[in-house]
Amino acid sequence: MNLSRSNHQEQKVDYTDNTTPFGGILRGELPALIFGETPSALAFEDKRPRAELHALVIPKKHIKSVRELTKKDVGLMEEIYDVATKLIQSRFPRAYKEEDYILCFHIPPFNSVDHLHLHVLAPASKMKWIYRYGKYLEGTLWCASGLKILQRLKAGKSAVP
């Protein structure tokens with residue numbers, strides 16, 4: 001999988017109806033430090049990083065939140081998860097090897113942007129306590145593990161209970 005930024009879109013997606021800040025990034029109207037992309041996903045730095053690596057991986061298709069995901073989105077979610085793990089592996093190989101990272105989605109109404117985005121945080125051990133054990137704590141009412149969501153979708157369940 002190529003994580004470099006391409007100048008062409010392999011998948012035709014209309015971003016005009018996406019009024020979120022991420023729609024602006026996808027259209028090239030808002031600046032972002034792009035880490036890479038695939039035909040269906042884009043990875044870029046969070047504008048308020050809470051870890052040495054704090055990336056967001058978004059689908060290019062506008063999906064508002066984890067609550068809209070269904071079993072038909074398993075392939076897309078696998079691609080997003082793959083982009084995230086490769087990003088950690090390339091930038092923080094030790095954190096990847098030691099599983100010192102967080103891959104999570106915020107659950108509405110606790111999400112900040114109505115466009116699905118996976119938070120990629122590494123190394124988690126160096127994060128401030130309030131973020132590691134608060135805002136990005138998986139398994140809470142506000143934050144779900146990317147892997148658990150993928151597992152639930154594969155089993156035909158809703159992304160979050």
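1. Let's start with Pro59, which you'll find in strand β3. Bear in mind that this is a predicted model. Is Pro59 buried or exposed? Its relative accessibility is 1%, and buried means under 20%, so Pro59 counts as buried.

2. What does Pro59 touch, leaving aside neighbours within four places in sequence? Its contacts are Leu26, Ser40, Ala41, Leu76, Ile80, His115 and Leu116. Another proline, Pro49, sits ten residues away along the chain, and 20 Å separates the C-alpha atoms of the two.

3. Now for the sheet around that strand. Six strands make up an open sheet with antiparallel pairing, and their order is β1-β2-β3-β5-β4-β6. The edge places go to β1 (34-37) and β6 (143-145); each has a single partner strand, so one side of each is left without a neighbour in the sheet. From one strand to the next, the twist averages 25°.

4. Take a look at how β3 pairs with β5. Strand β3 covers residues 53-59 and strand β5 covers residues 118-122; the two run antiparallel and are joined by five bridges. If you want one pair to find on screen, try Val57, whose bridge partner in β5 is Leu118.

5. Next, the helices on the sheet. Helix α2 (residues 74-91) packs on the sheet and touches β1, β2 (41-45), β3, β4 (102-106) and β5. The direction of α2 makes about 160° with that of β3. Helix α5 (residues 146-154) lies across β4, β5 and β6, and runs at about 70° to β6.

6. On to the inside. In soluble globular proteins, nonpolar side chains tend to be buried together. Here the largest nonpolar core has 32 residues. Which of them have the most contacts inside it? They are Val57, Val66, Leu69, Met77, Val120 and Ile149. Two or more residues each come from β2, β3, α2, β4, β5 and α5, and the largest share, nine residues, is from α2.

7. Ile149 is worth a click of its own. Not counting residues up to four places away in sequence, Ile149 touches Val66, Leu69, Met77, Phe105, Ala144, Ala159 and Val160. Among these, Val66, Leu69 and Met77 are also on the list of residues with the most contacts inside the largest core.

8. One last thing to look for: apart from the largest core lies another core, of ten residues, including Phe22, Ile25, Leu26 and Val113. Leu26 has come up before, as one of the contacts of Pro59.

Definitions and conventions
Residues are numbered from 1 along each chain as its sequence is written. This is a predicted model: local features need pLDDT of at least 70, side-chain atom pairs count only at pLDDT 80 or more; totals for chains, interfaces and linings use all residues. Side-chain values use heavy atoms; hydrogens and water are left out. Two strands pair if DSSP finds at least two bridges between them. Helices (H or I, at least four residues) and strands (E, at least two) are DSSP runs, numbered from the N terminus. Axes are lines fitted to C-alpha atoms, for helices over the stretch in contact, and angles run from 0 to 180 degrees between N-to-C directions. Contact means heavy atoms within 4.5 Å. Buried means under 20% relative accessible area, exposed over 50%, partly exposed in between (1.4 Å probe, protein chains only). A nonpolar core is a set of buried Ala, Val, Leu, Ile, Met, Phe, Trp, Tyr and Cys residues joined through side-chain atoms within 4.5 Å.
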